[in-house]
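Student: Please take me through the helix packing and the burial in this model. I should like the criteria stated with each value.

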Amino acid sequence: MSILQAVRRRWLRARLADPAYGFLFDPWPEDEVVSLDLETTGLDIRRDEIVALAAIRLRGNRILLSERFEAVVRPAVMPPPAAIKVHRLRHQDISTGPGMQDLLPDLLRFIGSRPLLGYYIDFDAGMLDRYVRDRLRTSLPNRRIEVSRLYHDRKYGGAPPGTVLDLRFATILRDLGIPNLGLHDAGTDALMAAMMYLQLRDLQRRGVRLRRGPRSGMGEIPTGA
């Protein structure tokens, strides 16, 4: 942890409104992370709301499917038709669910101080942060791990200027040989992001990069080749 990160954590902890949540600032369990995915009413972090969420723990090289947190969430404002077409959660599917503030204590205990990983995790963590700030007057201190950044490093690190980048979720799945379990479902998206993370971390440890160009996704090349 850098000095800047340590200072930020101390500042966030000083703002914590409820000391019962001090566990968020504890040292995280070694080699454990949480894959997080949210479905929302839109893409505006300040105004839109969460309608479904999933969090899955990973320990070492294992995805702990028996240790997951999933819920459909009742928003204050129902999603517009455009959002329903994406996540396929209708008003009747979410109208009887618990509110986000009702779910938040159990979700935070499940996550604890573990790093959060995901695909564009800043959006998901930012959405969650809005509810956390309302309750605790502080933000989540959890480190964030972006799987598209790990993929970029393995495929496009050192690429010449002008290289066209393709960081789409479906492209990452294809290049890593991970089956598409169906997009825009919080549970399957969190699971696929976890699978991406484990494969990309393994490539990083072995010093292997993904191929670019026409042979993309068909093999690996050693770092520096």
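Tutor: A crossing is called left-handed if the near helix is turned anticlockwise from the far one by less than a right angle, and right-handed if clockwise. Helices (H or I, at least four residues) and strands (E, at least two) are DSSP runs numbered from the N terminus. The model is predicted, with local features requiring pLDDT of at least 70 and side-chain atom pairs pLDDT 80 or more, whereas totals for chains, interfaces and linings use all residues. Residues are numbered from 1 along each chain, and side-chain values use heavy atoms, without hydrogens and water.

Student: Is the crossing of helix 6 and helix 8 left-handed or right-handed?

Tutor: Helix 6 spans residues 147–156 and helix 8 residues 186–206. Their axes (lines fitted to C-alpha atoms over the stretch in contact, with angles from 0 to 180 degrees between N-to-C directions) lie 10 Å apart at about 35 degrees. The crossing of helix 6 past helix 8 is left-handed.

Student: Which residues of helix 6 make the contact with helix 8?

Tutor: Contact means heavy atoms within 4.5 Å. Helix 8 contributes A193, M196, Y197, L200, L203 and Q204. From helix 6 come V147, L150, Y151 and R154.

Student: What is the relative accessible area of L103?

Tutor: L103 lies in helix 4, residues 100–111, and touches L53, F69, A71, V72, V73 and P98, not counting residues up to four places away in sequence. Buried means under 20% relative accessible area, exposed over 50% and partly exposed in between, with a 1.4 Å probe and protein chains only. L103 is buried, because its relative accessible area is 11%.
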